[in-house]
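Me: I would like to go through this protein chain with you. May I ask short questions as we look at it?

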Amino acid sequence: MKKKVKLKNETETPQSISSVKGVVKLLTEYEPDLLATILINVGNGRKIPISELIVNQQDAHHLLWLDRTLPKVGYFVYGLIDRVIKREKVMYINFKKEDDVPFTIVIFQEYWKEFSYTEEDLVGQHALVYGHLRKNEYEGNQKTEMLIKGDKYLEKFKTKKQLNNINTTKEDE
């Protein structure tokens with residue numbers, strides 16, 4: 001009788017991804033090469049690897065401002081949360097600037113009831129956020145923003161290793 005050799009991460013890849021948390025799990029529990037094999041339908045029968053939609057804040061900024069984003073397609077953007085600013089009707093979550101590139105998550109007051117994270121929960125944490133990128137130009141500065149409507153659009157990373165898996169994936173492309 002032959003013995004079956006067990007391989008690392010022998011679990012099957014998920015058949016569907018229904019949340020940002022699912023993408024974080026995919027990034028942290030599977031080999032980076034796998035991301036290039038998972039195709040996402042972006043409309044009109046066109047499918048692309050999910051790895052093309054997972055970008056750091058610099059890549060998100062450049063894609064957006066060079067008009068290279070896919071229309072009506074959400075992106076997964078990761079970075080280190082530097083600051084949370086809560087105003088009367090809007091909350092801003094700023095990623096730490098990388099190469100002088102700002103990235104801000106915007107949550108309007110009407111969605112605060114769907115957002116339970118506090119400043120203490122977020123500052124200093126790596127996070128993956130999902131949504132549509134939007135341009136904001138103010139006093140000659142180009143800023144990249146993403147509007148979200150609650151917790152389900154943002155997932156924190158627990159360890160540096162998880163972020164390294166994402167970086168490895170992007171560098172290998």
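Me: How many helices and strands does the protein chain have?
Reply: The protein chain has 5 helices and 10 strands. Please keep in mind that the model is predicted.

Me: What percentage of the residues is buried?
Reply: Of the 173 residues in the protein chain, 42% are buried.

Me: And the surface: how much area does the chain expose?
Reply: The exposed area of the protein chain is about 11200 Å². Carbon and sulfur atoms supply 47% of that area.

Me: Which share of contacts joins residues at least 24 apart?
Reply: That share is 58%, counted among contacts between residues at least 6 apart in sequence.

Me: Let us change topic to one residue. Where is A36 found?
Reply: A36 lies in the loop that runs between α2, residues 32–35, and β1, residues 39–41.

Me: Why does A36 count as partly exposed?
Reply: A36 counts as partly exposed because its relative accessibility is 44%, and the partly exposed class lies between 20% and 50%.

Me: Which residues does A36 touch, leaving out those up to four places away in sequence?
Reply: A36 touches P49 and S51.

Me: What separates A36 from I48?
Reply: Along the chain, A36 and I48 are 12 residues apart. In space, 8.7 Å separates their C-alpha atoms.

Me: Now the pockets. How much space lies in the largest pocket?
Reply: The largest pocket holds about 440 Å³ of space. It is lined by 19 residues, and N94, K97, P102, T104 and K143 are the closest to its centre.

Me: Which elements give two or more residues to that lining of the largest pocket?
Reply: They are β4 (75–86), β5 (90–95), β6 (103–108), β8 (133–138) and β9 (141–147). The largest share of the lining, 4 residues, comes from β9.

Me: What classes of residue make up the lining of the largest pocket?
Reply: The lining of the largest pocket has 7 charged, 6 polar and 6 nonpolar residues.

Me: What volume does the second largest pocket have?
Reply: The volume of the second largest pocket is about 300 Å³. Its lining consists of 17 residues, of which I17, I40, G74, F76 and Y130 are the closest to the centre.

Me: How does the lining of the second largest pocket divide by class?
Reply: The lining of the second largest pocket has 11 nonpolar, 4 polar and 2 charged residues. Both α1 (20–29) and β1 supply at least two residues of this lining. The strand β1 also borders the loop that holds A36.

Conventions: Residues numbered from 1 in each chain as written. Predicted model: local features only at pLDDT ≥ 70, side-chain atom pairs only at ≥ 80, totals over all residues. Heavy atoms only, no water. Buried < 20%, exposed > 50% of the residue type's maximum accessible area, 1.4 Å probe, protein only. Contact = heavy atoms within 4.5 Å. Areas by Shrake-Rupley, 256 points an atom, 1.4 Å probe, with all protein chains shown as cover. 1 Å grid on protein atoms, 1.4 Å probe; cavity = no way out; pocket = protein on both sides within 12 Å on 5 of 7 lines; lining within 4 Å. Points joined across faces, edges and corners; volume = space filled by probe spheres on them. Nonpolar A, V, L, I, M, F, W, Y, C, P; charged D, E, K, R; others polar.
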